[in-house]
Amino acid sequence: MAQDSSKADFWETRYQKDVTPWDSAGLPAGFVEHASALLASGHVRRVLIPGCGSAYELQQLAGQGCDALAFDFSPAAVARARAACPVLTSRIIEADFFGDAIAGAWDWVYERAFLCALPPALAGRYAQRMAELIPAGGVLAGYFFLRDQAKGPPFGTSLFNLQQSLGPYFMLQKQVPISGSLPVFHPDEHWLEWVRLPAA
């Protein structure tokens, strides 16, 4: 029986064995540029980082004045992130994206290697959950793996399929191909910014 990448133990095993081809060992290519442009609007202060892994982005965002919270449901990932950001350990927690521990309204939910880690059948739940966490005018922004690839993780998706799942709640505002992606994502990683629409 195939392992389920929607479960914490799937990722716990990989972190414990240090099998992490999605880990950039630092900030992902283009992050500072894209994040700074987004933050320059002045409307973004609270940032949520789901499936944070090593949480390299947390320190950068905190340094730019954001109230950022990173979380993962793998205890090994949380331990790794806390070791990488020792001054921000209280902002790194163990939690499930689909659970009750994560709540509130977030100006920006940051996506990187999270959606593509989930089985495609959860795309609809992902979109609904993002819509719950992001108020009108907030953004879902980050790196999306735009490859029509059903086998994974990473599970690729097409922009059309993203529009189908996110379109009821979000409008795509920006798309930029990423230069310098990790081999596992190259050349199909894009920075996308989705703006939350007013609730119907």
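Here are a few notes on the helix packing and strand pairing in this predicted model.

1. Let's start with the two helices. Helix α2 covers residues 31-39 and helix α3 covers residues 56-63; their axes come within 11 Å and cross at roughly 40°. Angles under 35 degrees count as roughly parallel and 65 to 115 as roughly perpendicular, and α2 and α3 are therefore oblique to each other. Their crossing is right-handed.

2. If you would like to look at the contact itself, the α2 side is made up of Phe31, Val32, Ala35 and Leu39, which meet Glu57, Gln60 and Leu61 in α3. By residue type, this contact of α2 with α3 has five nonpolar members, one polar and one charged.

3. Now to the strands. Strand β1 (residues 46-49) pairs with strand β2 (residues 67-72) in the parallel sense, over four bridges. A handy place to find this pairing on screen is Val47, whose bridge partner in β2 is Ala68. Between these two strands the chain passes through α3, giving a β-α-β crossover that is right-handed. Helix α3 thus appears twice in these notes: in the crossover from β1 to β2 and in the contact with α2.

4. β1 has another partner to check: strand β4 (residues 108-112), again in the parallel sense, with two bridges between β1 and β4. Here Leu48 stands opposite Val109 in β4. As a general reminder when viewing such pairings, side chains in a regular strand alternate between the two faces of the sheet.

How values were computed
Residues numbered from 1 in each chain as written. Predicted model: local features only at pLDDT ≥ 70, side-chain atom pairs only at ≥ 80, totals over all residues. Heavy atoms only, no water. Axes fitted to C-alpha atoms, helices over the stretch in contact; angles between N-to-C directions. Parallel < 35°, antiparallel > 145°, perpendicular 65-115°, else oblique. Left-handed = near helix turned anticlockwise from the far one by under 90°. Contact = heavy atoms within 4.5 Å. Nonpolar A, V, L, I, M, F, W, Y, C, P; charged D, E, K, R; others polar. Pairing = 2+ DSSP bridges. Right-handed = clockwise from strand over helix to strand, strands pointing away.
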